[in-house]
Amino acid sequence: MTVARSVAGFSQAELESLFVELGEAPYRARQVQGWVFRRRAGTCTSMTDLPNTLRSRLEEACPVHSSRVAEQRRSEDGSVALVVELADGEAVECVLIPEGRRRTVCVSTQVGCAMGCVFCASGLAGIRRDLEAGEVVEQFLHATRLLPAEEAITHVVLMGMGEPLANYREVVKALRVLNAPWGGALGARRLTLSTVGVSPSSIDRLAGEGIPIRLAISLHAADDELRRRIIPTASRVSVADLVAAARRYREATGRDVTFEYTLIRGVNDDPRLAHQLAELLEGLSCNVNVIPLNPVAEIGLEPPAPGEVEAFMDVLRRAGVVVRHRRKRGGDVEAACGQLRLGRLRASGGGASCRS
Ligand code: SAH
């Protein structure tokens, strides 16, 4: 499948080569990236210090975007969910989450997801395809444009639809663009990748990329059997292997790894499981994010009562684990975890395409 290429996914060197191909000076690459990333230009035709003919040639050869915002929903808590329609008609979602001085954008890395976590909306209709690096970066650009000129995105989390390590090459390419001074200009510690940990070797590979981003591992259980029930596709990787990979990631990058634990009533919320989790993580400098389940209508699982969430966290705290309660954001606009796209799939009456 050919997906339209866009400036957003180009490294500076690649864009320089494109200009040379077009018979232009390579310095144009910097100029264009300045327009896209600093001046938030949405089209090449608006880049007024480029010769007119070049602007239109560029717009044709390589537009700023290959995607467009098809839908925008503002939540009462200030977060904004976007449905981004891709060139081939598929759709992904991204969410802008303002919190104090932080402006975080949560982006997707695949259309749908193959992991099949039992509680998650993203995987309900399976996987459609991987995103290209440009399509990941474009979500960041679309979110940037929601902000007033004096504000900028401060953090990007790869926690939207899809499993980022299952789309390794394009995801790392996108991270490099977001990290580059000519691109997103976000320091590595402002970039977070969340993974079910498809394979410990992909975590090692990431540690060796030279961008020490933050790593979050979706654990959800400290016990192999229970984890397999929650993440069926993770059956080949043991929890012990994941913790070992997290330890190596920490040694290689100096970053503490975060473990995410989505709490599901009656499934993984027993305080005894919190003890087990604390034992598993003993001696590892890390954080645990406890996320009470965000219920998805089709799935029928529920979050524990608030008191039970606290009890679970208390066990961890008393065992010396650094634990945070991750608040649900954008619930009123279905801005969580693939729910907005799912809503569109529902409305169009099928699972095959997001378009009605
Ligand atoms: N595939 C990656 C990234 C996407 S999901 C991963 O699994 O880490 C990002 C986080 O959102 C994961 O921790 C996931 O478990 C959590 N999540 C997904 N659906 C959820 C829901 N309905 N309620 C609470 N957390 C959810």
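Buried residues are those under 20% relative accessible area, exposed ones over 50%, and partly exposed ones in between, with a 1.4 Å probe and protein chains only. The model is predicted, so local features need pLDDT of at least 70 and side-chain atom pairs count only at pLDDT 80 or more, while totals for chains, interfaces and linings use all residues. Residues are numbered from 1 along each chain as its sequence is written, and side-chain values use heavy atoms, with hydrogens and water left out.

**Exercise 1. Place C120 and classify its accessibility.**

Step 1. Helices (H or I, at least four residues) and strands (E, at least two) are DSSP runs, numbered from the N terminus. C120 is found in the loop between strand 5 and strand 6, the latter covering 127–130.

Step 2. The relative accessibility of C120 is 21%, so C120 counts as partly exposed.

Step 3. For its location relative to L15, the C-alpha to C-alpha distance is 37 Å, at a sequence separation of 105 residues.

**Exercise 2. Determine the span of helix 5 and identify its buried residues and what covers them.**

Step 1. The expected span of a helix is 1.5 Å times one less than its number of residues. Helix 5 runs over residues 168–179 and has 12 residues. From first C-alpha to last it reaches 16 Å, close to the expected 16 Å.

Step 2. The buried residues in helix 5 are Y168, E170, V171, V172, A174, L175, V177 and L178.

Step 3. Contact means heavy atoms within 4.5 Å. The cover over these buried residues includes helix 2 (28–38), helix 4 (133–144) and helix 6 (200–207), together with strand 7 (155–158) and strand 8 (191–195).

**Exercise 3. Describe the packing of helix 9 against helix 10.**

Step 1. Axes are lines fitted to C-alpha atoms, for helices over the stretch in contact, and angles run from 0 to 180 degrees between N-to-C directions. The axes of helix 9 (residues 271–281) and helix 10 (residues 306–318) come within 9 Å and cross at roughly 30°.

Step 2. Angles under 35 degrees count as roughly parallel, over 145 as roughly antiparallel, 65 to 115 as roughly perpendicular and the rest as oblique. Helix 9 is therefore roughly parallel to helix 10.

Step 3. A crossing is left-handed if the near helix is turned anticlockwise from the far one by less than a right angle, and right-handed if clockwise. The crossing of helix 9 and helix 10 is right-handed.

Step 4. Helix 9 contributes P271, L273, A274, H275, L277 and A278 to the contact, and helix 10 contributes F312, V315 and L316.

Step 5. Ala, Val, Leu, Ile, Met, Phe, Trp, Tyr, Cys and Pro count as nonpolar, Asp, Glu, Lys and Arg as charged, and the others, Gly among them, as polar. The contact of helix 9 with helix 10 then has eight nonpolar residues, one polar and no charged.

**Exercise 4. Apply the procedure to helix 1 with helix 2, and to helix 6 with helix 8.**

Step 1. The axes of helix 1 (residues 12–21) and helix 2 come within 8 Å and cross at roughly 120°. These two helices, helix 1 and helix 2, are therefore oblique to each other, and their crossing is right-handed.

Step 2. From helix 1, Q12, L15, E16 and F19 meet R28, A29, R30, V32 and Q33 of helix 2. This contact has four nonpolar, two polar and three charged residues.

Step 3. Helix 6 and helix 8 (residues 239–253) pack at about 5°, with axes 9 Å apart. Helix 6 is therefore roughly parallel to helix 8.

Step 4. In helix 6, P200, I203, D204, L206 and A207 meet D241, L242, A245, R248, Y249, A252 and T253 in helix 8. By class, eight residues are nonpolar, one is polar and three are charged.

**Exercise 5. Locate A185 and H220, and state whether each is buried or partly exposed.**

Step 1. A185 has a positive phi of about 55° although it is not a glycine. A185 sits in the loop between helix 5 and strand 8, and with 44% relative accessibility it counts as partly exposed.

Step 2. H220, also not a glycine, has a positive phi near 65°. H220 lies in the loop between strand 9 (214–218) and helix 7 (224–230), and at a relative accessible area of 3% H220 is buried.
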